[in-house]
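Got your viewer open? Let's take a walk through this structure, one selection at a time.

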Amino acid sequence: MSVSLYSGKVARKLLFLQLMTFVLISAAFGLKNLEWSGSALAGGLAAWLPNALFMLFALRHQAQTPAPGRVAWSFAIGEGLKVMITIVLLIVALGVFKAAFVPLGLTYLAVLVVQIVAPAVLNSYRN
């Protein structure tokens, strides 16, 4: 689910939880090997950075009151850019920096799981 569906405060909490997830996992992989730690950091950034950019994009457009049709286009463009940035970051991490696949993939998936699970947990504490 995208951060545009949440308030700005919840979206910031979600991004912070994602950031802490991949930093802690990278530190844990650092106990095994420094290369694995860097790979985990790259995987986390590949999931977190597009989300952070999308949040900035969504909050920027939320401040204005666009026409009804523009909301859908703005969302679609933001999601498209998010997917493209994610693909580019993963290609750079795997192709250019020769990151190890296992820590990169595990950290990427962990950040995505936090993105799915955390909103339900955050909303349950709000009620």
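One bit of vocabulary before we set off: a residue is called buried when its relative accessible area is under 20%, exposed when that value is over 50%, and partly exposed in between. Keep in mind, too, that this is a predicted model.

**Stop 1: the whole chain.** Colour by secondary structure. You'll find four helices and zero strands, so to put it as a pattern along the sequence, α-α-α-α. Of the 127 residues in the chain, 37% are buried. Switch on the surface: the accessible area is about 7800 Å², and carbon and sulfur atoms own 75% of it. Now think about who touches whom. Taking contacts between residues at least 6 apart in sequence, 78% link residues at least 24 apart.

**Stop 2: helix α1.** Select residues 8-30. That's 23 residues, reaching 33 Å from the first C-alpha to the last, close to the 33 Å expected at 1.5 Å a residue. Which residues of α1 are buried? They are Gly8, Val10, Ala11, Leu14, Leu15, Gln18, Thr21, Phe22, Ser26 and Phe29.

**Stop 3: the core.** Some of those names come back here. Select Ala11, Leu15, Phe22, Ala46, Ala47, Trp48, Ala52, Met55, Tyr108 and Val111, the 10 residues of the largest nonpolar core. Helices α1, α2 and α4 each give two or more residues to this core, and α2 gives the most, with five. As background, nonpolar side chains tend to be buried together in soluble globular proteins. Zoom in on Val111 and show what surrounds it: setting aside neighbours within four places in sequence, Val111 is in contact with Gln18, Phe22, Gly44, Ala47 and Trp48.

**Stop 4: leucines on the outside.** Next, pick Leu41, Leu45, Leu49, Leu53 and Leu56, which make a nonpolar surface patch of about 390 Å². Centre on Leu45, which sits in helix α2 (residues 34-62). Is Leu45 buried or exposed, or partly exposed? Its relative accessible area is 34%, so Leu45 counts as partly exposed.

**Stop 5: a salt bridge.** How many salt bridges does a search of the whole structure find? Just one. To see the pair, select Lys82 and Glu79, whose side chains meet at 3.9 Å, N to O. Both Lys82 and Glu79 are buried. Why can they pair up along one helix? Lys82 and Glu79 are three residues apart in helix α3 (residues 68-96), so about one helical turn separates them. An α-helix has 3.6 residues a turn, so residues three or four places apart point the same way.

**Stop 6: Leu94.** Stay in helix α3 and select Leu94. With 33% relative accessibility, Leu94 is partly exposed. Draw a distance to Ala42: the two residues are 52 apart along the chain, yet their C-alpha atoms are separated by 9.0 Å. Beyond neighbours within four places in sequence, Leu94 is in contact with Ala99, Phe101 and Leu104.

**Stop 7: an odd backbone angle.** Finish at Lys98, in the loop between α3 and α4 (101-126). What is the phi of Lys98? It's positive, about 55°, although Lys98 is not a glycine. Most residues other than glycine have a negative phi. Lys98 is also exposed, with a relative accessible area of 59%.

Conventions:
Residues are numbered from 1 along each chain as its sequence is written. This is a predicted model: local features need pLDDT of at least 70, side-chain atom pairs count only at pLDDT 80 or more; totals for chains, interfaces and linings use all residues. Side-chain values use heavy atoms; hydrogens and water are left out. The expected span of a helix is 1.5 Å times one less than its number of residues. Buried means under 20% relative accessible area, exposed over 50%, partly exposed in between (1.4 Å probe, protein chains only). Patches are made of residues with over 30% relative accessible area and no salt bridge: like charges are joined within 9 Å, nonpolar side chains (Val, Leu, Ile, Met, Phe, Trp, Tyr) within 5 Å. Accessible areas come from the Shrake-Rupley method with a 1.4 Å probe; for residues, only the protein chains shown count as cover. A salt bridge is a side-chain nitrogen of Lys or Arg within 4 Å of a carboxyl oxygen of Asp or Glu. Contact means heavy atoms within 4.5 Å. A nonpolar core is a set of buried Ala, Val, Leu, Ile, Met, Phe, Trp, Tyr and Cys residues joined through side-chain atoms within 4.5 Å.
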